[in-house]
Amino acid sequence: MNDTGLPAGRIRPMTAADVAVVEELERQLFPLDAWPLQMFEDELAQPETRSYYVAVDALDRVIAYAGLMCIEPIADVQTIAVVPEREGQGIGTQLLTLLIEEAARRNARDVLLEVRADNPRAQRLYRWFGFEQIHIRPRYYRDGVDALIMRLELDRWNGVPGSSGTTPTLQTEPTAHTEEPEDVR
Ligand SMILES: CC(C)(COP(=O)(O)OP(=O)(O)OC[C@H]1O[C@@H](n2cnc3c(N)ncnc32)[C@H](O)[C@@H]1OP(=O)(O)O)[C@@H](O)C(=O)NCCC(=O)NCCS
């Protein structure tokens with residue numbers, strides 16, 4: 001147990017061995033828009049532009065996952081999800097922080113994401129971090145719901161917003177980064 005009283009866990013880079021479990025969670029959490037397994041495999045195969053993480057509990061069960069794409073100068077939150085029984089404990093905050101820090105490390109200027117107009121909890125999380133709605137994509141999702149496009153300008157990012165008091169301190173393992181080739185021009 002950690003000092004929040006929650007079972008210890010950690011955040012680590014997602015690997016190919018996690019994909020089957022993540023895809024199963026994906027179908028539960030995004031029943032209308034679930035990514036197929038192949039999509040996760042394709043994403044993991046592009047580490048030069050992608051960073052994916054899983055949060056696991058003390059028994060090494062996946063309780064959350066998230067992924068970022070960064071093609072300078074824009075980074076995109078590709079996905080972020082927490083299992084329902086662990087929502088509201090700050091795990092989403094921790095993962096989103098990690099994605100934003102990774103975007104900054106990869107020299108992104110902006111972080112963009114899409115969120116369903118009928119997903120207030122996710123929107124609250126993003127607004128709390130300073131994301132602002134910049135567009136609406138009408139009927140973007142298969143069931144006809146609009147997508148809000150939100151943006152965080154990284155030069156305005158000052159680190160994690162004030163503590164919610166629920167933030168678990170999942171230990172974070174560093175990603176093995178691929179060194180970018182020097183720009184020779
Ligand atoms: C959206 C999601 C990732 C959030 O993860 P989470 O672990 O529950 O998030 P956290 O506990 O870190 O934080 C969420 C909270 O941050 C909150 N927050 C915002 N400002 C805050 C503040 N000043 N102090 C404390 N908390 C604050 C949000 O309001 C939200 O809490 P609430 O719903 O109780 O109001 C999760 O709910 C989820 O996986 N949902 C299903 C899948 C999904 O919708 N994914 C997003 C697709 S775009």
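Start by selecting Phe 131. Phe 131 is buried, because 23 other C-beta atoms lie within 10 Å, and 20 or more are enough for that label. Keep in mind that this is a predicted model.

**Around Phe 131**

Phe 131 sits in the loop between α4 and β6. Now show its contacts, leaving aside neighbours within four places in sequence. They are Leu 113, Tyr 126, Met 150, Arg 151 and Leu 152. Next, add Glu 153. Its C-alpha atom is 7.8 Å from that of Phe 131, although the two residues are 22 apart along the chain.

**One edge of the sheet**

Move on to β6, residues 132–137. How many of its six residues are buried? The count is zero, and β6 is hardly covered. Select β7, residues 147–153, as well. β6 and β7 pair in the antiparallel sense over five bridges. To find the register, pick Ile 136: it stands opposite Leu 148 in β7.

**The whole sheet**

Zoom out and colour the strands. Eight of them form an open sheet, in the order β6-β7-β5-β4-β3-β2-β1-β8, with mixed pairing. Which strands stand at the edges? They are β6 and β8 (171–172); each has a single partner strand, so one side of each is left without a neighbour in the sheet.

Strands of a sheet pair through backbone hydrogen bonds, either parallel or antiparallel. For the parallel case, select β4 (residues 74–82) and β5 (residues 110–116), which pair in that sense over three bridges. Here Ile 74 stands opposite Asp 110 in β5.

**Helices on the sheet**

Select α4, residues 120–129. This helix packs on the sheet and touches β5 and β7. Its direction makes about 160° with that of β5.

Then go to α1, residues 19–29. It lies across β2 (50–57), β3 (62–71) and β4. Against β3, α1 runs at about 95°.

**Last stop: α3**

Select residues 91–105. Helix α3 has 15 residues and reaches 21 Å from its first C-alpha to its last. That is close to the 21 Å expected at 1.5 Å a residue.

Which residues of α3 are buried? Colour Ile 91, Gly 92, Thr 93, Gln 94, Leu 95, Leu 96, Leu 99, Ile 100, Glu 102 and Ala 103. An α-helix has 3.6 residues a turn, so residues three or four places apart point the same way.

Finish just after α3, at Asn 107, which takes a positive phi of about 70°.

How values were computed
Residues numbered from 1 in each chain as written. Predicted model: local features only at pLDDT ≥ 70, side-chain atom pairs only at ≥ 80, totals over all residues. Pairing = 2+ DSSP bridges. Helix = DSSP H or I, 4+ residues; strand = E, 2+ residues; numbered from the N terminus. Contact = placed C-beta atoms within 7 Å. Axes fitted to C-alpha atoms, helices over the stretch in contact; angles between N-to-C directions. Expected span 1.5 Å × (residues − 1). Buried ≥ 20, exposed ≤ 12 C-beta atoms within 10 Å, placed from the backbone.
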